[in-house]
Amino acid sequence: MSSLDQTTTFESSPETEKFLCDRLLDPTQPISERFRALFSLRNLKGPGPRNALILATRDSSNLLAHEAAFALGQRQDAEAVPALIAVLNDLSLHPIVRHEAAEALGAIGLESNIPLLKNSLVLDPAQEVRETCELALQRIEQLKADGGKSTVETSPFLSVDPAAAATSCSSVHQLREILLDEEKGMYERYAALFALRNNGGDEAVAAVIDSLGSNSALLRHEVAYVLGQLQNKAASAALSEILKDVNEHPMVRHEAAEALGSIADDQNVSLLEKFAMDTEPIVSQSCEVALSMLEFEQSGKSFEYLFMQAPLVQ
């Protein structure tokens, strides 16, 4: 998933919509171009964008496929549920894609998905997928308890988060203790993470950076994602070390790369260029996307809406 996650609905012409769908699904396009189309389609309602994103969840690029699943969750489109269920149940797909399908089902929040998520919680062979199912189940239960209110209404980043930010703890120190406690449940730790993100102060950012040492790859990847949302240069050194660590889980390295792109520090360019040649496609493609994100960030232009303004191609 990308830190460029502010979802707003836009209208578009049928020609623009078709252009975006075609660009997303064109495997001959650079991965960064396809991501720009994906981010635009995420903000367009209707069957055309939805169906293009569903098709993209089966793309040969695991990075693009997982981002498409994430986008379907951010759209909170119940019509996408059958396709997301099929992705979660397909053990031939990369765990990063199945994980994102599970998270998307939690974001959409239908109680009818509880039995499926409970099944994958027990049977999926990948720990990161099982942990995501645990989060999704607790998010659905939380939504039920809150009368269906979505975290998108309260997140200052306008993202549909896997857990609602904790409200019971007012102290950054208390939140840090929860986040770093390996004995705490994943949902509670995520809730502390998002509360620290929303705080955004130096002490809170330092606590988030410290949690990159967690035993859970799932949590580490979410921490890197949050640091990308915060766009705080204080995180650059720690994220760089994550990207350099070839023994780290690819989903964590991928988030670290995209976070470095979001932070838009000139010092990150050479590192991203180096790892754009990484042997792991999830990592190398993330670096390509991050370099493009960084270029747009520095130019003051919007990465995800480029094609809304571009002339249509034949």
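Visitor: Is R176 buried, partly exposed or exposed?
Guide: This is a predicted model, and the accessibility is computed from it. R176 has a relative accessibility of 29%. Buried would need under 20%, and exposed would need over 50%. That value falls in between, so R176 counts as partly exposed.

Visitor: Which residue meets R176 in a salt bridge?
Guide: Side chains of opposite charge can pair when their charged atoms come close. Here the N to O distance is 4.0 Å. The partner is partly exposed, at 42% relative accessibility. The residue that meets R176 is E177.

Visitor: How many salt bridges does the structure hold?
Guide: The pair of E177 and R176 is one example. R75 and D77 form another, with their closest N and O atoms 3.6 Å apart. The total for the structure is 17.

Visitor: Are R75 and D77 buried or exposed?
Guide: The cut-off for buried is under 20% relative accessible area. R75 stands at 4%, so R75 passes. D77 stands at 13%, so D77 passes too. R75 is buried, and D77 is likewise buried.

Visitor: How many residues apart are D161 and R197?
Guide: Their side chains meet in a salt bridge at 2.8 Å, N to O. The pair links distant parts of the chain. D161 sits in the loop between helix 8 (127-145) and helix 9, while R197 belongs to helix 10. Along the chain, the separation is 36 residues.

Visitor: How many residues of helix 2 are buried?
Guide: Helix 2 spans residues 31-41 and is mostly covered. Its buried residues include I31, F35, L38 and L41. Charged ones are listed as well, among them E33 and R34. The count of buried residues is 11 of 11.

Visitor: Which residue's side chain does E33 touch in a polar contact at 2.4 Å?
Guide: E33 is found in helix 2. At 17% relative accessible area, E33 is under the 20% cut-off and therefore buried. A salt-bridge network links R23, E33 and R36. The polar contact at 2.4 Å is with the side chain of R36.

Visitor: How far apart in space are E33 and E182?
Guide: Along the sequence, 149 residues separate E33 and E182. The distance in space is taken from C-alpha to C-alpha. It comes to 39 Å.

Visitor: Which residues does S61 contact, apart from its neighbours within four places in sequence?
Guide: S61 lies in the loop between helix 3 (47-56) and helix 4 (62-75). Its relative accessibility is 6%, so S61 counts as buried. A polar atom of its side chain lies 3.1 Å from the backbone nitrogen of L64. Beyond its sequence neighbours, S61 contacts I31 and Q285.

Visitor: How far apart are the C-alpha centres of the two domains?
Guide: The chain is divided into domain 1 (14-146) and domain 2 (172-299). Their contact takes 21 residues from domain 1 and 19 residues from domain 2. The C-alpha centres lie apart by 21 Å.

Visitor: Which helices do the buried residues of helix 11 pack against?
Guide: Helix 11 covers residues 202-210. Its buried residues include A204, V205 and V208. They pack against helix 9 (172-180), helix 10 (186-199), helix 12 and helix 13 (236-244).

Visitor: Which backbone oxygen does the side chain of S211 reach?
Guide: S211 is in the loop between helix 11 and helix 12 (217-230). At 1% relative accessible area, S211 is under the 20% cut-off and so buried. Leaving aside neighbours within four places, its contacts are L179, L180, R220 and V223. At 2.6 Å, its side chain reaches the backbone oxygen of V208.

Visitor: Which backbone nitrogen does the side chain of S214 reach?
Guide: S214 is also in the loop between helix 11 and helix 12. S214 is buried, with a relative accessible area of 6%. Beyond four places in sequence, S214 touches E182, R189, L219 and R220. The backbone nitrogen, at 3.1 Å, is that of S216.

Visitor: How much accessible area do L121, V122 and L123 have together?
Guide: L121 lies in helix 7 (residues 114-123). L121 is partly exposed, at a relative accessible area of 30%. With V122 and L123, L121 forms a nonpolar surface patch. Together their accessible area is about 290 Å².

Note on methods: Residues are numbered from 1 along each chain as its sequence is written. This is a predicted model: local features need pLDDT of at least 70, side-chain atom pairs count only at pLDDT 80 or more; totals for chains, interfaces and linings use all residues. Side-chain values use heavy atoms; hydrogens and water are left out. Patches are made of residues with over 30% relative accessible area and no salt bridge: like charges are joined within 9 Å, nonpolar side chains (Val, Leu, Ile, Met, Phe, Trp, Tyr) within 5 Å. Accessible areas come from the Shrake-Rupley method with a 1.4 Å probe; for residues, only the protein chains shown count as cover. Helices (H or I, at least four residues) and strands (E, at least two) are DSSP runs, numbered from the N terminus. Buried means under 20% relative accessible area, exposed over 50%, partly exposed in between (1.4 Å probe, protein chains only). A polar contact is a pair of N or O atoms within 3.5 Å; within protein, one must be able to donate a hydrogen and the other to accept it, and residues adjacent in sequence count only if both atoms are side-chain atoms. Contact means heavy atoms within 4.5 Å. Domain bounds come from an automatic or database domain assignment.
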